[in-house]
Amino acid sequence: MVDITENPSSRQAEEVGLLEGLATTRAIRRYLDEPIPESALRDILFAATRGPSGSNRQPFRFVVLADGEKATAAKAMIGESARALWNAKRQNDGYDRGSGSDNASPKARMARTMQSYVDNFDRVPVLVLPCLVRYRAPAPMEGASVYPAVQNLLLGARALGYGGVITGFHGAVDAPLKELLGIPEEVFIAATVTLGKPAGGHGPVRRRPMSELVYGEEWGVAPDWAVDPDGTRYTSAGPPRSAKPLGEQSRGNEDE
Ligand SMILES: Cc1cc2nc3c(=O)[nH]c(=O)nc-3n(C[C@H](O)[C@H](O)[C@H](O)COP(=O)(O)O)c2cc1C
């Protein structure tokens with residue numbers, strides 16, 4: 001087990017430093033056909049359960065599904081929903097049109113990754129359903145008591161040579177999934193996370209320049225120090241450039 005004890009002098013040196021790890025924890029959607037040993041799952045889930053929550057109430061619960069009978073059924077159920085969602089998105093967002101018709105384009109590459117991800121979903125090594133046990137009426141801030149723990153899960157996986165991705169693929173099968181796994185109705189399944197040993201490598205995540213994302217005393221104006229380290233590469237992805245007020249926008253798949 002990774003030694004994460006109260007005594008700093010007894011901590012093992014990690015191969016991947018914290019800052020490097022969090023800058024290279026990418027969405028991993030292709031896995032080797034290998035199970036995750038229980039000892040690694042324990043370390044990953046230990047990291048997850050160290051996440052913060054309001055008043056340290058720890059309303060998060062993690063349903064970990066590897067290869068049991070119900071795990072197989074849950075993977076099949078969510079896999080079917082994932083394929084339906086991706087097929088619709090592939091059409092609606094024109095993944096096969098424009099630059100997508102060039103096989104070498106990032107759009108076409110993403111489409112291939114997604115297609116293979118959903119096609120092989122039923123065989124992902126481990127599925128984790130992070131859940132939120134609600135103790136009061138739903139409120140926008142409540143996710144902050146589960147999603148930091150989910151990011152810890154991904155960072156813990158990264159530290160141990162595994163990878164994963166947060167998805168919303170369970171949405172359409174929330175009710176049958178709860179029935180299958182005995183999850184109480186009032187519990188919110190906050191995400192579907194798949195985990196495994198990456199078939200490819202890890203690498204730096206790409207984001208918009210810091211100067212677009214970090215502001216100082218005036219909204220929209222970056223402080224002088226908000227400069228990415230040399231060599232940082234960017235993504236063209238970003239917030240939809242919609243002129244519509246928030247209330248008039250349609251709500252799509254979260255992965256947009
Ligand atoms: C709220 C949320 C919902 C997401 N939903 C999906 C999803 O349904 N399917 C999927 O393949 N990836 C999903 N993702 C993963 C994102 O696509 C991914 O984190 C993003 O593209 C950045 O990728 P990167 O971290 O590798 O740079 C989701 C991520 C978040 C945070």
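Visitor: Why is the crossing of α3 and α4 called left-handed?

Guide: A crossing earns that name if the near helix is turned anticlockwise from the far one by less than a right angle. In this predicted model, the crossing of α3 and α4 is left-handed.

Visitor: How do you know that α3 and α4 are roughly antiparallel to each other?

Guide: Let's look at the angle between them. α3 and α4 pack at about 155°, with their axes 9 Å apart. Angles over 145 degrees count as roughly antiparallel, so α3 and α4 belong in that class. From α3, the contact is made by Gly79, Ala82, Arg83, Trp86 and Arg90, and from α4 by Ala111, Met114 and Val118.

Visitor: What makes up this contact of α3 with α4, by class of residue?

Guide: There are 5 nonpolar residues, 1 polar residue and 2 charged ones. Gly counts as polar and Arg as charged, and the α3 side includes Gly79, Arg83 and Arg90.

Visitor: Why are α3 and α6 described as roughly antiparallel too?

Guide: Helix α3 (residues 69-92) and helix α6 (residues 174-181) pack at an angle of about 180°, and their axes are 10 Å apart. The cut-off is again over 145 degrees, so α3 and α6 are roughly antiparallel to each other. Lys70, Ala73, Ala74 and Met77 of α3 meet Pro176, Leu177, Leu180 and Leu181 of α6. Sorted by class, this contact of α3 with α6 has 7 nonpolar residues, no polar residues and 1 charged residue.

Visitor: What makes a group of residues a nonpolar core, and how many residues does the largest one have?

Guide: The members must be buried residues of kinds such as Ala, Val, Leu and Ile, joined through C-beta atoms within 7 Å. The largest such core has 41 residues, and Ile44, Val126, Leu127, Val128, Val150 and Leu153 have the most contacts inside it. Several elements each supply at least two of its residues, among them α2 (38-48), β1 (60-65) and α5 (147-159). The largest share, 6 residues, comes from β2.

Visitor: How do you know which residues Val128 is in contact with?

Guide: Two residues are in contact if their C-beta atoms lie within 7 Å. Leaving aside neighbours within four places in sequence, Val128 has contacts with Phe62, Val63, Val64, Leu153, Val193 and Leu195.

Visitor: How much of the protein chain is buried?

Guide: A residue is buried if 20 or more other C-beta atoms lie within 10 Å of its own. Of the 256 residues in the protein chain, 25% are buried.

How values were computed
Residues numbered from 1 in each chain as written. Predicted model: local features only at pLDDT ≥ 70, side-chain atom pairs only at ≥ 80, totals over all residues. Buried ≥ 20, exposed ≤ 12 C-beta atoms within 10 Å, placed from the backbone. Axes fitted to C-alpha atoms, helices over the stretch in contact; angles between N-to-C directions. Helix = DSSP H or I, 4+ residues; strand = E, 2+ residues; numbered from the N terminus. Parallel < 35°, antiparallel > 145°, perpendicular 65-115°, else oblique.
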